[in-house]
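Got the viewer open? Let's take a walk through this structure, one selection at a time.

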Amino acid sequence: MIRSVILGSGSALPRQAVSNAELTARVDTSDEWIVERTGIRNRYIAAEDETTVSLATDAAHRALEAAGIGADTIDLIVLATATPDQTFPASATQVQHRLGVTRGAAFDVAAVCSGFLYALATADSFLRTGMATRALVVGAETFSRILDWEDRTTCVLFGDGAGALVLGAQDVVEDGPGILATRLHADGAHNQLLYVDGGVSTTGTVGKLRMKGREVFRHAVVNLAEVLGEVLDDAGVAVDEIDWVVPHQANARILDATARKLGLPADKVIVTVDRHANTSAASVPLAYDTAVRDGRIKPGDLVMLEAMGGGFTWGASLLRA
Ligand code: UT7
């Protein structure tokens, strides 16, 4: 029996940090409103020369370095993004080229803010079935390019960034590291609560992000609590055995509400939304890498990843670091 084990993590942020105070020059908002309603204090915004591919490649380099392996051992790259550099080819193929990888498969996965969970589950399936042996799973976004900078209800919420994990196929060891259980869900009925109002085959434009935030919030808390329960059941793990939860970083109040619903102490939840805002598919690996590098997530820890986003799509994955 094979399991997908995390060999290393990495992340990357654009050079420019933008505070809430700086946004008050663009839209009618305030630091107080943003902090109170979302927990966000800062976000990073990509310059022209910083793209989804460049951020993804930087994060991938750091993950490979942390894993202590060469890019030439990678035979699968799955990149989660809703903001690719081009409509095609897949941004994953550009990351592959920049890393100097010339073998294996590389493709993008689109599930918006849940994209990293979808990409991780895809790579995990490839490794467990022997389709690949070493995978690079990346979440990378430049949401600043699809924000309506005149819409205060959305433009203050998002930021740019990337995170990556290197996975290796290893024989299962009892109580050893690896991905233990994953569940993914989608429900296209809620498409109009969070979407982009453009597209290649409809308007022929890129479009801007539109969201009915309050309704998304309500669905997020219910769906996340449910999928977390499913994954715990699948793995036969009790909630108090979890060392860390690494949630999608959309809103500090969603993180609090989900933790409360599950009976999880708040100090087990990794929170980076204050520093990075909502980076969509990048937020889970970015938060994971932050917590590995600051010494919170240690080898052997039981870690739950979870996310919910446009579609709706949502999912969770339990792993031992
Ligand atoms: O990543 C994918 C998943 N996305 C999410 O999970 C997002 C989920 N939703 C949320 O995080 C929250 O719903 C928001 C942060 C988007 C909004 O917070 P809220 O507490 O639900 O506020 P609201 O939308 O009900 O708006 C309350 C008030 C409104 O004014 P009125 O109608 O009460 O007079 C808004 O116009 O706040 C106003 N408002 C703002 N005021 C200052 C909305 N945006 C702003 C702003 N600055 N930036």
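Start by selecting strand β4, residues 76-80, together with β5: the two run parallel and are joined by five bridges. Keep in mind as you click around that this is a predicted model. Now pick V78 and look across to β5, where its bridge partner is F107.

Next, widen the view to the sheet these strands belong to. In what order do its five strands lie? Read across and you get β1-β7-β6-β4-β5, an open sheet with mixed pairing. Colour β1 (2-12) and β5 (105-109), and you have marked the edge strands, each of which pairs on one side only. Turn the view so you can compare the directions of neighbouring strands: on average they are turned by 20 degrees against each other, direction ignored.

Stay around here for two small stops in the loops. Select V112, in the loop between β5 and α5 (115-128). Its phi is near 50 degrees, a positive value in a residue other than glycine. Then jump to P89, which sits in the loop between β4 and α4 (91-99). The peptide bond that joins F88 and P89 is cis, with omega at about 0 degrees.

Time for the other sheet on our tour. Select β8, β13, β12 and β11, and you have an open sheet of four strands in that order, again with mixed pairing. Why does each edge strand have a side without a neighbour in the sheet? β8 (178-186) and β11 (244-247) stand at the edges with a single partner strand each, so one side of each is left without a neighbour there. From one strand to the next, the twist averages 15 degrees.

Zoom in on β12 (residues 302-309) and β13 (residues 313-320), which pair in the antiparallel sense over eight bridges. To see one such pairing, click M304 and then find its bridge partner in β13, L318. Now follow the chain through the loop between β12 and β13, where you'll find F312. Here is another cis peptide bond: this one joins G311 and F312, and omega is about -5 degrees.

Last big stop: the ligand. Show the residues around it and you should have 23, with T29, R37, R214, N251 and N278 the closest. Which side chains should you zoom in on? Try N251, which has a side-chain N or O atom 2.6 Å from an oxygen atom of the ligand. Then go to N278, where a side-chain N or O atom is 2.7 Å from an oxygen atom of the ligand. For R152, switch on the backbone: one of its backbone N or O atoms lies 2.9 Å from a nitrogen atom of the ligand. How much of the ligand does the protein bury? Taken alone the ligand exposes 970 Å², and the protein buries 76% of that.

Now colour the shell around the ligand by residue class: eleven residues are nonpolar, seven are polar and five are charged. Where do they come from? Highlight α2 (31-38), α6 (152-155), α7 (213-235) and α8 (252-262), each of which supplies at least two residues of the shell. The largest share, four residues, comes from α7. To finish, give domain 1 (2-171) one colour and domain 2 (178-320) another: the shell draws at least three residues from each.

Key:
Residues numbered from 1 in each chain as written. Predicted model: local features only at pLDDT ≥ 70, side-chain atom pairs only at ≥ 80, totals over all residues. Heavy atoms only, no water. Near = heavy atom within 4 Å. Polar contact = N/O pair within 3.5 Å; in protein donor to acceptor, adjacent residues only side chain to side chain. Areas by Shrake-Rupley, 256 points an atom, 1.4 Å probe, with all protein chains shown as cover. Nonpolar A, V, L, I, M, F, W, Y, C, P; charged D, E, K, R; others polar. Domains from an automatic or database assignment. Pairing = 2+ DSSP bridges. Axes fitted to C-alpha atoms, helices over the stretch in contact; angles between N-to-C directions.
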